[in-house]
Amino acid sequence: MKSRVYFTRELTPEKVVEMYERLGIDLPGKVAVKVHSGEKGNQNYLTPEFWKPVVDEIHGTIVECNTAYGDASGGVRDNTESHLRLLEEHGWTKYFDVDLMDAEGPDAVLPIPSGKVLKKNLVGKNLLNYDSMLVLAHFKGHPMGGYGGALKQLSIGCASRAGKALIHSGGRSDDRYECWKEHADKVAFPEAMADAAMSVHLLFKGKTAYINVMKNLSVDCDCCVVAEDPCMKDIGILSSLDPVAIDQACLDLVKKSDDPGREHFLERVNSRNGIHTIEAAAELGYGSRDYELIEI
């Protein structure tokens with residue numbers, strides 16, 4: 001049976017709520033809401049005001065983790081003190097309960113016995129305090145992964161600082177400085193992301209929902225201090241219970257677009273072997289590239 005992916009071209013906060021409701025899932029207990037809070041200086045991230053109606057709908061808690069940036073990146077989300085300040089500056093704490101899940105150690109260890117590259121995933125320990133998860137992804141490009149969507153939110157997004165280093169290095173190092181010297185190649189890196197994403201998806205198996213918003217379609221991630229401006233016009237909102245299907249559907253919508261910026265966006269995806277994250281995740285069996293797109 002094909003995975004269902006719902007799609008609308010209407011881009012409003014209220015439509016995000018409707019797209020969640022279309023999934024027919026009632027996320028139980030304490031709900032973690034994974035967002036990308038946006039790096040200091042980034043102009044493309046989706047604001048807390050955009051996400052507020054759906055987070056209010058499920059009474060969720062915004063969750064984030066520290067980054068593994070090196071000192072030269074210019075970013076401020078790589079340590080707890082400055083990251084918490086930025087969450088306040090960007091307005092997240094104004095509207096929501098916010099949990100920086102790896103603010104204090106030790107990290108939680110999620111085993112990945114069938115992983116292609118990783119055999120464990122290090123996540124913020126507070127992730128274990130939640131019963132279910134809503135993954136809110138700003139679909140766009142990414143400097144290293146080619147693109148960022150649901151699978152990136154599950155993997156790098158939920159990983160602690162040490163966990164991010166482990167993914168970037170293909171399992172060779174959990175040190176935030178050493179991982180850049182040991183960075184995995186264009187096969188091992190997407191496979192490590194697929195491994196890590198699986199561990200979080202299975203942690204909340206049957207209690208996870210995914211929404212991808214195709215807006216501000218830059219080739220750069222919201223983690224970039226200075227990101228390239230969007231190269232394509234906005235496309236819409238997608239929702240699914242399958243993280244593989246929703247990312248595949250987003251890439252297919254880009255490929256089918258007649259937007260003049262399409263080739264630039266796809267060059268970023270293809271030059272980083274971005275599709276391999278989806279391929280590897282499908283091979284691991286926790287999602288399908290075969291889907292039914294249901295336009296609302």
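Start by selecting N273, which sits in the loop between α10 (262-271) and α11 (275-284); helices (H or I, at least four residues) and strands (E, at least two) are DSSP runs numbered from the N terminus. Phi of N273 is near 60°, a positive value in a residue other than glycine. N273 is partly exposed, with a relative accessible area of 22% (buried means under 20%, exposed over 50%, partly exposed in between, using a 1.4 Å probe and protein chains only).

Two notes before you move on. This is a predicted model, in which local features need pLDDT of at least 70, side-chain atom pairs count only at pLDDT 80 or more, and totals for chains, interfaces and linings use all residues. Residues are numbered from 1 along each chain as its sequence is written, and side-chain values use heavy atoms, with hydrogens and water left out.

**Backbone stops**

Next, pick H59, in the loop between α2 and β3 (61-64). Its phi is near 55°, again positive in a residue other than glycine. H59 counts as exposed, at 69% relative accessibility.

Then zoom to the peptide bond between G105 and P106: it is cis, with omega about -5°. P106 belongs to the loop between β4 (98-100) and β5 (108-111). For context, most residues other than glycine have a negative phi, and most peptide bonds are trans.

**A helix pair**

Now show helix α1 (residues 13-21) together with helix α2 (residues 48-58). They pack at an angle of about 35°, with their axes 7 Å apart. Here axes are lines fitted to C-alpha atoms, for helices over the stretch in contact, and angles run from 0 to 180 degrees between N-to-C directions. The crossing of α1 past α2 is right-handed; that label applies if the near helix is turned clockwise from the far one by less than a right angle, and left-handed if anticlockwise.

To see the interface, select P13, V16, V17, Y20 and E21 in α1, which meet E49, F50, W51, P53, V54, E57 and I58 in α2 (contact means heavy atoms within 4.5 Å). By class, this contact has nine nonpolar, no polar and three charged residues. In this scheme Ala, Val, Leu, Ile, Met, Phe, Trp, Tyr, Cys and Pro count as nonpolar, Asp, Glu, Lys and Arg as charged, and the others, Gly among them, as polar.

**Two buried residues and a loop**

Go to F265 in helix α10. F265 counts as buried, at 0% relative accessibility. Leaving aside its neighbours within four places in sequence, F265 is in contact with F139, K140, G141, L217, S218, V219, C231, M232 and V254.

S218 leads to another stop, D229, in the loop between β10 (208-214) and β11 (236-240). Outside its neighbours within four places in sequence, D229 is in contact with Q43 and S218. Try a distance from D229 to N44: they are 185 residues apart along the chain, with C-alpha atoms separated by 7.5 Å.

From there, choose S37, in the loop between β2 (31-34) and α2. S37 is buried, with a relative accessible area of 2%. Setting aside neighbours within four places in sequence, S37 is in contact with Y45, E64, R77, H83, L87, H90 and W92.

**Pockets and a cavity**

Finish with the empty space. On a 1 Å grid over the protein atoms alone, a cavity is a set of points where a 1.4 Å probe fits but cannot get out, and a pocket is an open set with protein on both sides within 12 Å along at least five of seven lines; lining residues have an atom within 4 Å of a point. Grid points are joined across faces, edges and corners, and a volume is the space filled by probe spheres set on the points.

The largest pocket has a volume of about 440 Å³. Of its 25 lining residues, the closest to its centre are Y69, H142, H168, W180 and C223. Helices α5 (150-154) and α6 (161-168) each supply at least two residues of this lining, which has 10 nonpolar, nine polar and six charged residues.

For the second largest pocket, with about 150 Å³ of space, select R9, K233, D234, I235, L253, K256, S257 and D258. That lining divides into two nonpolar, one polar and five charged residues.

A search of the whole structure finds one cavity of 30 Å³ or more. The largest cavity holds about 40 Å³ and is lined by H36, A137, H138, K140, G148, G149, K152 and Q153. β7 (132-138) and α5 each supply at least two residues of that lining.
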